[in-house]
Each structure stands twice: as C-alpha cells, then as structure tokens.
Amino acid sequence: MKKFLTIATLFIGLAFSANAQKFGHLNSLDLYSLMPEVIAADSMVQVYAQELDGLLNDMYTEYDTKAKGASEKKQKGLLTPASEELVLKELADLEKRITDFQNSADAKIQDKQSKLLAPINEKVYNAVQKVAKANAYTYIFDVSSGALVYANQSDDVLPLIAKELGLKLPADYGKTPQ
C-alpha cells in the first residue's frame, strides 16, 4: 500500500508539473523567408552554382568537340589505330574529370551554403533562446520539420522571434483562410 501511495504521489506531481510547462511553436521556414540575409545568402549560392555550372558546360563542350573531331577523322580515314587509342584515352580522362567535377561542385555548393547560413542560424538560435527565456517557455517546437503532429496549448512564437530579430511579419500572418 505504501508503494502504491508513493507511485500515485509521483504521478500526481508529474501531472501538476506538466501542467505548469509552457509550450510554443514556430515554422522556421516562415521565419527564414522573412530574413533579408537568407535571401542574400541564397542569391550568393545561386551565383556560385551558376559559375560552377558554366565551368561544367565548358568541359562538356570540350568533350563534344574532341569526340566529334575524332569521329570525323576516323570517318575520313585520317586516324591511325595508335592515334585512335590516344584520343579514346583522352576522352575517358576528360569524362572522369567531368564526373569528378560534378561531384566536387555539389559538395562545394553545400559547403558555401553552410558557411553563409551558419551566422544566420546562430542569430536565429540566439533569438529563440532569448524569447524562450523571456517568456518562460519550457519547449519550442519547429513545425516546419513535420515532427509535431498535434499541438494543444501551444503558442506560435514566430511573431516574438521576428520582433527580436527586427523583422516585419506580413499583414496576413496568422490569419486562417476562410
């Protein structure tokens, strides 16, 4: 009986402490879409990606030119077996360089994006921490990840964080469409 009372007391205490907790949520995608520095970072990443894409296109052009030239020489009988072997090796090497470049370009783009977004992410993190502490939130969930499937008694803290970051919300934010 004593054990039962101890367990019951523990559950009652947990129930009261759970009721005292304050929950909030935000959609970080909405928040980031309001930030001019995110738009600038995205633009810089796009410019960088276009530069790399231009280099890749140059490599494709070089490959096509060499392949067409070799094909024309072969059709005209101007390509010896030794020359053909050398051209095929050059084309294979160029193909490998193109593949390697594609793989490294993807990694370079992701790295550039990470470096540009790191200070922005830190700024948002600090704003969330400040808002959470100032408003006594126990938990703040990011609903953009889709992990939160139900929220009862949860406050949308995006307006508070946007204010902390000096961002202006659209006039229709938070209004549900009829």
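Where does alanine 136 have its place? Alanine 136 sits in the loop between H4 and E2. Its backbone deserves a look on your screen, since alanine 136 has a positive phi of about 60 degrees although it is not a glycine. With a relative accessible area of 53%, alanine 136 is exposed, because exposed begins over 50%. Please keep in mind while reading that this is a predicted model.

**The overall layout**

Stepping back, the protein holds five helices and three strands. Read from the N terminus on, these elements run α-β-α-α-α-β-β-α. The protein has 178 residues, of which 20% count as buried. Its contacts reach far along the chain: among those between residues at least 6 apart in sequence, 85% join residues at least 24 apart.

**Helix H3**

Let us turn to helix H3, which covers residues 36–75 and so has 40 residues. At 1.5 Å a residue, these should span 58 Å, and the end C-alpha atoms of H3 are indeed 58 Å apart, which agrees. Which residues of H3 are buried? They are Val38, Ala41, Val45, Leu52, Leu56, Met59 and Ala70. These buried residues pack against two other helices, H2 (28–34) and H4 (81–134). After H3 comes glycine 77, whose phi is positive, near 80 degrees.

Tyrosine 60 also belongs to helix H3. With a relative accessible area of 35%, tyrosine 60 is partly exposed. Leaving aside residues up to four places away in sequence, tyrosine 60 touches Ile98 and Gln102. Tyrosine 60 and leucine 94 are 34 residues apart in sequence, while their C-alpha atoms are 8.9 Å apart in space.

**The three-stranded sheet**

Now for the strands. They form an open sheet of three strands in the order E2-E1-E3, with parallel pairing. Strand E2 (139–142) and strand E3 (154–156) stand at the edges, and each has a single partner strand, so one side of each is left without a neighbour in the sheet. Direction ignored, neighbouring strands of this sheet are turned by 30 degrees against each other on average. As a reminder, strands of a sheet pair through backbone hydrogen bonds, either parallel or antiparallel. Here, strand E1 (residues 23–26) pairs with E3 in the parallel sense over three bridges. Within this pairing, histidine 25 has aspartate 156 in E3 as its bridge partner.

**Aromatic rings across the strands**

How many aromatic pairs does the structure hold? There are three of them. In one, phenylalanine 23 and tyrosine 139 are stacked, at 5.6 Å centre to centre and with 5 degrees between the planes. Phenylalanine 23 lies in strand E1 and tyrosine 139 in strand E2, so this pair ties together parts that are 116 residues apart in sequence. Phenylalanine 23 also pairs with phenylalanine 141: the ring centres are 6.2 Å apart and the planes stand at 20 degrees, so this pair is stacked. It links distant parts of the chain too, with phenylalanine 23 in strand E1 and phenylalanine 141 in strand E2, 118 residues apart. Taken together, ring pairs link Phe23, Tyr139 and Phe141 into a cluster.

Are the residues of this cluster buried or exposed? The table lists the relative accessibility of each.

| Residue | Relative accessibility | Class |
|---|---|---|
| Phenylalanine 23 | 23% | partly exposed |
| Tyrosine 139 | 42% | partly exposed |
| Phenylalanine 141 | 33% | partly exposed |

Phenylalanine 23, at 23%, counts as partly exposed because buried means under 20% relative accessible area.

**Lysines over rings**

Two tyrosine rings are worth a final visit. Lysine 22 lies over the face of tyrosine 137, at 4.6 Å from the ring centre. Over the ring of tyrosine 48 sits the charged end of lysine 112, 5.2 Å from the centre of that ring.

Technical notes:
Residues are numbered from 1 along each chain as its sequence is written. This is a predicted model: local features need pLDDT of at least 70, side-chain atom pairs count only at pLDDT 80 or more; totals for chains, interfaces and linings use all residues. Side-chain values use heavy atoms; hydrogens and water are left out. Helices (H or I, at least four residues) and strands (E, at least two) are DSSP runs, numbered from the N terminus. The expected span of a helix is 1.5 Å times one less than its number of residues. Buried means under 20% relative accessible area, exposed over 50%, partly exposed in between (1.4 Å probe, protein chains only). Contact means heavy atoms within 4.5 Å. Two strands pair if DSSP finds at least two bridges between them. Axes are lines fitted to C-alpha atoms, for helices over the stretch in contact, and angles run from 0 to 180 degrees between N-to-C directions. Rings of Phe, Tyr and Trp (its six-membered ring) pair if their centres lie within 6.5 Å; planes under 30 degrees apart count as stacked, over 60 as edge-to-face and the rest as tilted. A charge sits over a ring if NZ of Lys or CZ of Arg is within 6 Å of the ring centre and within 35 degrees of the ring normal.
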